Amino acid sequence: MSKPFQAIRGMNDILPSESALWQGLEATVREVLAAYDYHEIRLPIVERTELFARSIGEVTDIVEKEMYTFADRNDESLSLRPEGTAGCVRACIEHGLLHHQTQRLWYAGPMFRYEKPQKGRYRQFHQVGVEAYGMAGPDIDAELICLTARLWRRLGIREVTLQLNSLGSSAARAAYRERLVAYFETRRTELDEDSQRRLHTNPLRILDTRNPAMRGVVAEAPVLLDHLDTESQIHFAELRALLDSAGITYEINPRLVRGLDYYCKTVFEWVTDTLGAQGTICAGGRYDGLIEQLSGPAVPGIGFAMGLERLVAMLVAAGYSGADPNPHAYLIMVGDAAQRQGLVLAEQLREQLPLRLRMNCGGGGFKAQFRRADYSGARFALILGEDEIKAGTVAIKPLRETQGEQVTLSQDQVAAHLRMALNSTPSVLERDARG
């Protein structure tokens, strides 16, 4: 007997018992984004490899080591998307969305990176990305941060900290980069292998190393905030004033960087210590040079991405769950006439109510069907037998202790009875988030 197939390492199934929590999270994200008038854009999973090489950078770990890249039948190099910003910018340029108008967009779906799987890090993972184009001031930066803060409140996520920094203009960052390289050259023997490799290609990324042995070297490095241009200083001060007025608390983290040249001014991350080493649940920043770099108009942009697996892990750790995935009711039908009438009744009830109704299929006597009803987790059994068919009634039997006594009603009264019994019970996730 051959070995059964298993999922590829780092690419996980989300089972029905888990998907309810995902659905609750995704629904809340959609509601918050709609409150700020952001609109969904749906993007391809596969793009030309060159798009990521030009946007992310050929010397980054993502492009060099982590992308799933292949040649199609025309020998064109294609890649599974490792992130969403590049594809979103490509779509906006291709469809003319950036000419003389602003855009507030969001997308969601799987991303792919070949890296060592561990808690909170997978080879196929899911992100929600939010992008705003055509607005250069700190007000849109503040709006995005307020949006994320509102989302945490709606989800009941409290143990998160906002970290904030400014990268300045490209000219100021280039001058800082020279100082940084000169400093690290004097400490080269103390740099780990990754940092030595990045020293002349992406030195800013050395600042956010996760290697504890590098902390002393990084702590003594020049600070970018000390070398900002005047415009970036004003932008950063105005952003902090806006956040202060909105009651958003934050920490200035001068080591919070992005390694790519098109990033500028504001960068931010929401971090937590509840997930171990993978502590960032949301990261964003300005990328005013990216659209032009990808052959589009000179339009400013800012965005963020958040990992859904990490948010789900936080909700699970806090004891949250999604809506009850079990059916509200299970329809038991005994006899041919009940089978025919039951199908009609089930369709009528689904038409009248937002009802999860499981109809017994596969035959079986009353006792067998009743066991199935109980095993399904349904709150009520709807019973149609010969007596009920003759009388035009339905017996409604509660299957859980707190649901009252069995009643027998005419078929046209069933919907009203179930509506009252089920009366808009919120999901655990929604109820806890409001509390």
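How many aromatic pairs does the chain hold? The count comes to seven, and we'll stop at one of them along the way. Keep in mind that you're looking at a predicted model.

**The whole chain**

Start zoomed out, with everything shown as cartoon. The C-alpha atoms fill a box of roughly 90 × 60 × 45 Å along the principal axes. You'll be looking at 16 helices and 16 strands, and buried residues account for 49% of the 435 in the chain. Take the contacts between residues at least 6 apart in sequence: 70% of them join residues at least 24 apart.

Now colour by domain. Select 16–168 plus 228–318 for domain 1, then 329–424 for domain 2. Their C-alpha centres are 47 Å apart.

**Confidence check**

Switch the colouring to pLDDT. The chain averages 90, with 94% of its residues at 70 or more. Click on strand β1 (residues 39–40) for the highest mean among the elements, 98, and on helix α16 (residues 428–434) for the lowest, 38. Then select 424–435: pLDDT stays below 50 over these residues, though the stretch has 20 contacts in the model beyond near neighbours in sequence. Where pLDDT is low, the coordinates shouldn't be read in detail, so let's move on.

**Into the core**

Next, pick Y133, F184 and L207. Within the largest nonpolar core, which has 47 residues, these three touch the most other members. Among the elements that each give at least two residues to this core are α2 (49–55), α4 (85–94), β5 (103–112), β6 (124–133) and α6 (170–186). Another core, of 44 residues, lies apart from it; to find it, select L33, L144, L147 and I157, which are among its members.

**The tyrosines**

Stay on Y133 and add Y287. Stacked or edge-to-face? The ring planes sit at 70°, with the centres 6.3 Å apart, so this pair is edge-to-face. The partners come from distant parts of the chain, 154 residues apart: Y133 is in strand β6, and Y287 is in the loop between β10 (280–286) and α10. Y133 counts as buried because its relative accessibility is 0%, under the 20% cut-off. Y287, at 2%, counts as buried too. Add Y263 to the selection and you have one aromatic cluster: Y133, Y263 and Y287.

For another ring, show Y114 and R123. The arginine R123 lies over the face of Y114, at 4.1 Å from the ring centre.

**Helix α4**

Select 85–94 and show side chains. Is this helix mostly covered or mostly open? Mostly covered: seven of its ten residues are buried. Those are T85, A86, G87, C88, V89, A91 and C92. Show what surrounds them and you'll see these buried residues packing against β2 (46–48), α2, β5, β6 and α10. Just after the helix, click G96, where phi is positive, at about 65°.

**Last stop: V181**

Finish in helix α6, where V181 has its place. Which residues does V181 touch, leaving aside those up to four places away in sequence? Select L199, H200 and P203 and you have them. V181 is buried, since its relative accessible area is 15% and the cut-off is 20%. Finally, draw a distance from V181 to S19: their C-alpha atoms are 47 Å apart, with the two positions 162 residues apart along the chain.

Conventions: Residues numbered from 1 in each chain as written. Predicted model: local features only at pLDDT ≥ 70, side-chain atom pairs only at ≥ 80, totals over all residues. Heavy atoms only, no water. Core = buried A, V, L, I, M, F, W, Y, C linked by side-chain atoms within 4.5 Å. Buried < 20%, exposed > 50% of the residue type's maximum accessible area, 1.4 Å probe, protein only. Helix = DSSP H or I, 4+ residues; strand = E, 2+ residues; numbered from the N terminus. pLDDT = per-residue confidence, 0-100. Contact = heavy atoms within 4.5 Å. Phe/Tyr/Trp six-rings, centres within 6.5 Å; stacked < 30°, edge-to-face > 60°. Lys NZ or Arg CZ within 6 Å of the ring centre and 35° of its normal. Domains from an automatic or database assignment.
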